[in-house]
Amino acid sequence: MNWPPSRRLSHLGSAIFTEMNQLKRKVEREGTTVIDLGIGSPDQPPAPHILEAIREAVSDPSLYGYPMTDGTPEFRKTVTDWYRFRFGVSLDPEQEVLSLMGSQDGLAHIAQAWIDPGDVVLVPDPGYPIYFAGVHLAGGTIHPMPLKKENSFLPDLETIPLEIRTRTKMMILNYPNNPLSATVELDFFQRVVDFALKHQIMVVHDLAYSELAFDGYRPPSFLQAEGAKEIGVEFNSLSKSFNMAGCRIGYAVGNPDIIRALAVIKSNIDYGVFLPVQKAAIAAMEADIKGDPPNEHFRVYEQRRDVLIDGLNQIGWKVERPRATMFVWAEIPSGWSSESFARALLEKAGVLVIPGNAFGAEGEGYVRIGLVQPVEDLQKAVERIADSGIFS
């Protein structure tokens, strides 16, 4: 049968990711072991107390029924306890918390709950691909917010045309940022809240990297800003914070009306997160609140960052040191496009990175490097890049 797929699919996925994976396989067939710094998945296991919690829970035959969409009362209460501990933010576990199958689950569906054709959504460029895809699936109109180096990779809200502001229903933000590793202080979120209240814009903030921060920096929550809960929600996840990416557990918190509409979408799609996974998430957050044991796996990424950045700077690739996330956003030398540079690294050095334009037009001129391999492999990657002659 010759059935054409939905036109919606034309807006999903990135040809660049596919091309880089195909080139990786070609390089490997030619005998090179590729050091893959393209993926964004933690390579470390959860802490032993989390493994023990899920091991015990999966042995309980009473936990194999439908979990239901909202999340268990115990899970939602623990999220509120953790938000109070970590950010000083008070939440109602009955109205202002919703469990998710990872934060991407909520980010993919929030537009379907709130956006109609013709509604404008302000989306960061560069940005995580699901921000664009979710809006396209809902039939919304994207207005990119350029994130430029000269503005510390922050959106310049005042340059958004008035005609766009009046049609905008939602703004998506992400700090600490993937792919840029950019960070903010609380005063930035306060400016966003003031702007959003003035123009009646819903704010969706992705805080997936809240616990991967270095040099003493502690990322704020958007909900710490005065008035934030009047117009916004925040998505967080245990994927990066507790090395539970494969468990698919996250949550949305904030404005109860926004949460309620998302819950309606979710209740028509799935039956919630597997109960043993919720038990493991509770164990992770409770231990973090007690500090027993302390959640310090960010130090692994901090060490990797230092090894990689120091090595690249020594061979002539001047790269700035990020304060958060598991990524390095690296400006490439002049004379290259993002794709040609990434292809050269893979073909000549056997090192896979992601071209910046995979994340939007403003990503041209950069590549994203994942801190997702051991220190020894990062050192080897630097040596290979040095030996490739690219920086000669």
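# A seven-strand sheet and its helices

Gly139 follows helix α5 and has a positive phi, near 85°. The model described here is predicted. This report starts at that helix, then moves to the sheet, the helices lying across it, the cores and the later part of the chain.

**Helix α5**

Helix α5 spans residues 129-138. Seven of its ten residues are buried, so the rest of the structure largely encloses it. The buried residues are Ile130, Tyr131, Phe132, Ala133, Gly134, Val135 and Ala138. Their cover includes helix α4 and the strands β3 (120-125), β4, β5 and β6. Phe132 also belongs to a core of 26 residues.

**The sheet**

Seven strands form an open sheet. Their order is β2-β8-β7-β6-β5-β3-β4, and the pairing is mixed. The edges are β2 (97-100) and β4 (141-146), and each of these strands pairs on one side only. Neighbouring strands are turned by 20° against each other on average, direction ignored.

How do the strands pair? The table lists three pairs from this sheet and one pair from elsewhere in the chain, β9 with β12, each with one pair of facing residues.

| Strands | Sense | Bridges | Facing residues |
|---|---|---|---|
| β2 and β8 (250-254) | antiparallel | four bridges | Leu100 and Gly250 |
| β6 and β7 | parallel | four bridges | Val203 and Gly232 |
| β7 and β8 | antiparallel | five bridges | Glu234 and Val253 |
| β9 and β12 (366-370) | antiparallel | five bridges | Ala330 and Val367 |

Strand β7 appears in two of those rows. Is β7 mostly covered or mostly open? It is mostly covered: six of its six residues are buried. Both of its faces are covered. Gly232, Glu234 and Asn236 are buried on one side. Val233, Phe235 and Ser237 are buried on the other. Two of these residues also take part in the pairing. Gly232 is the bridge partner of Val203, and Glu234 stands opposite Val253 in β8.

**Helices across the sheet**

Helix α7 (residues 186-199) lies across β5 (168-174) and β6 (202-206). It runs at about 175° to β5.

Helix α10 (residues 256-267) lies across β2, β6, β7 (232-237) and β8. It runs at about 35° to β2. Helix α10 also meets another helix. The axes of α4 (residues 103-114) and α10 come within 9 Å and cross at roughly 100°. The two helices are therefore roughly perpendicular to each other.

Which residues of α4 and α10 meet? From α4 come Asp105, Gly106, His109, Ile110, Gln112, Ala113 and Trp114. From α10 come Asp257, Ile258, Ala261, Leu262, Ile265 and Lys266. By class, the contact has seven nonpolar, three polar and three charged residues. Helix α4 is also part of the cover over the buried residues of α5.

**Two cores**

The largest nonpolar core has 97 residues. Tyr83, Trp317 and Ile369 have the most contacts inside it. Leaving out residues up to four places away in sequence, Trp317 touches Leu312, Ala330, Glu331, Ile332, Phe341, Leu345, Val367, Ile369, Ile385 and Phe391.

Another core lies apart from the largest one. It has 26 residues, among them Phe132, Met202, Ala252 and Ala263.

**The later part of the chain**

Strand β9 (residues 327-331) has four of its five residues buried, so the rest of the structure largely encloses it. Its partner is strand β12, joined over five bridges. Ala330 stands opposite Val367 in β12. Trp317 touches both of these residues.

Helices α13 (residues 338-349) and α14 (residues 375-388) also meet. Their axes come within 9 Å and cross at roughly 95°. That makes α13 roughly perpendicular to α14. Leu345, Lys348 and Ala349 in α13 meet Arg384, Ile385 and Ser388 in α14. The contact has three nonpolar, one polar and two charged residues. Leu345 and Ile385 are also among the residues that Trp317 touches.

Helix α12 (residues 298-314) contains Gly311. Is Gly311 buried or exposed? At 10% relative accessibility, Gly311 counts as buried. How far is Gly311 from Leu378 in sequence and in space? They are 67 residues apart in sequence, and 8.8 Å apart in space, C-alpha to C-alpha.

Terms used. Residues numbered from 1 in each chain as written. Predicted model: local features only at pLDDT ≥ 70, side-chain atom pairs only at ≥ 80, totals over all residues. Heavy atoms only, no water. Pairing = 2+ DSSP bridges. Axes fitted to C-alpha atoms, helices over the stretch in contact; angles between N-to-C directions. Contact = heavy atoms within 4.5 Å. Parallel < 35°, antiparallel > 145°, perpendicular 65-115°, else oblique. Nonpolar A, V, L, I, M, F, W, Y, C, P; charged D, E, K, R; others polar. Buried < 20%, exposed > 50% of the residue type's maximum accessible area, 1.4 Å probe, protein only. Core = buried A, V, L, I, M, F, W, Y, C linked by side-chain atoms within 4.5 Å.
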